[in-house]
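Trainee: Could you take me through one part of this predicted model in detail? I'd like a close look at the salt bridges and the polar side chains around them, with enough background to place them.

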Amino acid sequence: MTRTVLIMDKQNTQMNASHPETNLPVGYPPQYPPTAFQGPPGYNGYPGPQVGYPPPPAGHSGPGPAGFPVPNQPMYNQPVYNQPGGAAGIPWMPAPPPPLNCPPGLEYLSQIDQILIHQQIELLEVLTGFETNNKYEIKNSFGQRVYFAAEDTDCCTRNCCGPSRPFTLRIIDNMGREVITLERPLRCNSCCCPCCLQEIEIQAPPGVPVGYVTQTWHPFLTKFTIKNQKGEDVLKISGPCIVCSCFAGVDFEITSLDEQIVVGRISKHWSGLLREAFTDADNFGIQFPRDLDVKMKAVMIGACFLIDYMFFERTR
């Protein structure tokens, strides 16, 4: 009996001993492992992200207080890519739900009634006069980039044919898809030759024509006809007698076939004295009804580019 009591007292004494690593009083068990069990040398806590794990899903806010956005995070359903020639920091327009029978990529045009087209300044062209491929940013009225357009022609064609040159203009969206292709054949650029007038074909998607813009001969005025994919006349475009943008903009009205109802407008904006004098980089605006067929909106974009090359693309 005496030996049993001595063994029990010894065990109680060991249980009530203090824990030097935790500085707890006698009788309290340790709340966390002692330093001998904190990990191997060089251990700094939880490891960082491991290779092979997928990134956070789109729209994930990341670290930070709830309700506060994290900078430099893309919006949901708005992929951001570094397109060639695109200005940094300009957001892309998020893609709306595509309407019925809408060509892929033209859904961006379904909910807007205004387009802004800004031609980029090419430094090589300004300094040397060497004609380079034109590049354009196409934006909505909120300044969001809708498309990016780039000319695809060879050096000889650009510098020998000048503004009358044939070209292929490729328009891509924020996913990098070519959604619209403009094809301009070589034509005479003189009103004295009514048998070979200017025209441009609009394809959406590439290879599928959705409309045409053809120049209509007139001895004094600037006139065009907008046609659908079957070659049927749909709308008219009328410009001034003398196309000049000195210190003011120039308007080309889009009207019905009888030219009695104005349904839209293509405007060449005054870009400032220095830009107008030393470059051929122009700014345009296109206005059309919001409920207009997206194919006709794409054709109006093609008409704007044809007008730019015919009247405002100078040979330096």
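Mentor: Let's start with the chain as a whole. Of the contacts between residues at least 6 apart in sequence, 44% join residues at least 24 apart. The chain has five helices and twelve strands, and buried residues account for 37% of its 316 residues. Its accessible surface is about 18300 Å², with 60% of that belonging to carbon and sulfur atoms.

Since this is a predicted model, a word on confidence before the side chains. Mean pLDDT for the chain is 75, and 62% of the residues reach 70 or more. By element, β5 has the highest confidence, at 97, while α1 has the lowest, at a mean of 50. Residues 15-54 have pLDDT below 50, and beyond near neighbours in sequence that stretch has 20 contacts in the model. Residues 59-86 are also below 50, with 31 contacts counted in that way.

Now the part you asked about. The structure holds twelve salt bridges, and a few of them deserve a walk-through.

Take D152 and R170, whose closest N and O atoms are 3.1 Å apart. This pair links distant parts of the chain: D152 belongs to strand β3 (residues 145-152) and R170 to strand β4, 18 residues apart. What about burial? D152 has 40% relative accessibility, so it counts as partly exposed. R170 comes out at 33%, so partly exposed applies there as well.

Next, E199 and R187. Their closest N and O atoms are 3.7 Å apart in the salt bridge. Here a strand is linked to a loop: E199 is in β6, R187 is in the loop between β5 and β6, and twelve residues separate them. E199 has a relative accessible area of 29%, which means it is partly exposed; R187, at 27%, is partly exposed too.

Then there's K223 with E259, a salt bridge with an N to O distance of 3.3 Å. K223 is in strand β8 (residues 222-228) and E259 is in the loop between β10 (250-255) and β11 (262-269), so to place this link you have to go 36 residues along the chain. The two ends fall into separate burial classes. K223 has a relative accessible area of 14%, under the 20% cut-off, so it is buried. E259 has 38%, so it counts as partly exposed.

Some salt bridges share partners, and that is how E107, D173 and R177 are joined into one network. Look at D173 in that group: you'll find it in the loop between β4 (167-172) and β5 (178-184). It has 0% relative accessibility, so this loop residue is buried. Its side chain makes a polar contact of 2.7 Å with the side chain of R177.

Q198 is worth setting beside it. This residue is found in the loop between β5 and β6, and with 1% relative accessibility it counts as buried. The side chains of Q198 and R184 are joined by a polar contact of 2.6 Å.

For a loop residue that is not buried, try Q111. It is in the loop between α1 (2-15) and β1 (114-119), and its relative accessible area is 44%, so it is partly exposed. Leaving out residues up to four places away in sequence, Q111 touches P96, P97 and R290. The C-alpha atoms of Q111 and P96 are separated by 7.8 Å, with the two residues 15 apart along the chain.

Finally, the nonpolar side of things. The largest nonpolar core has 49 residues, and I117 and F305 are the ones with the most contacts inside it. Helix α5 (residues 294-312) supplies the largest share of this core, 14 residues. Ignoring residues up to four places away in sequence, I117 touches F305 itself, along with others including Y136, I138, F284, I286, I301 and C304. Its neighbours aren't limited to nonpolar side chains, as E137, D282 and N283 are also among the residues it touches.

If you go back to the model, I'd begin with the network of E107, D173 and R177, then move on to the K223 and E259 salt bridge.

How values were computed:
Residues are numbered from 1 along each chain as its sequence is written. This is a predicted model: local features need pLDDT of at least 70, side-chain atom pairs count only at pLDDT 80 or more; totals for chains, interfaces and linings use all residues. Side-chain values use heavy atoms; hydrogens and water are left out. Helices (H or I, at least four residues) and strands (E, at least two) are DSSP runs, numbered from the N terminus. Buried means under 20% relative accessible area, exposed over 50%, partly exposed in between (1.4 Å probe, protein chains only). A polar contact is a pair of N or O atoms within 3.5 Å; within protein, one must be able to donate a hydrogen and the other to accept it, and residues adjacent in sequence count only if both atoms are side-chain atoms. Contact means heavy atoms within 4.5 Å. A nonpolar core is a set of buried Ala, Val, Leu, Ile, Met, Phe, Trp, Tyr and Cys residues joined through side-chain atoms within 4.5 Å. A salt bridge is a side-chain nitrogen of Lys or Arg within 4 Å of a carboxyl oxygen of Asp or Glu. Accessible areas come from the Shrake-Rupley method with a 1.4 Å probe; for residues, only the protein chains shown count as cover. pLDDT is the predictor's confidence in each residue, from 0 to 100.
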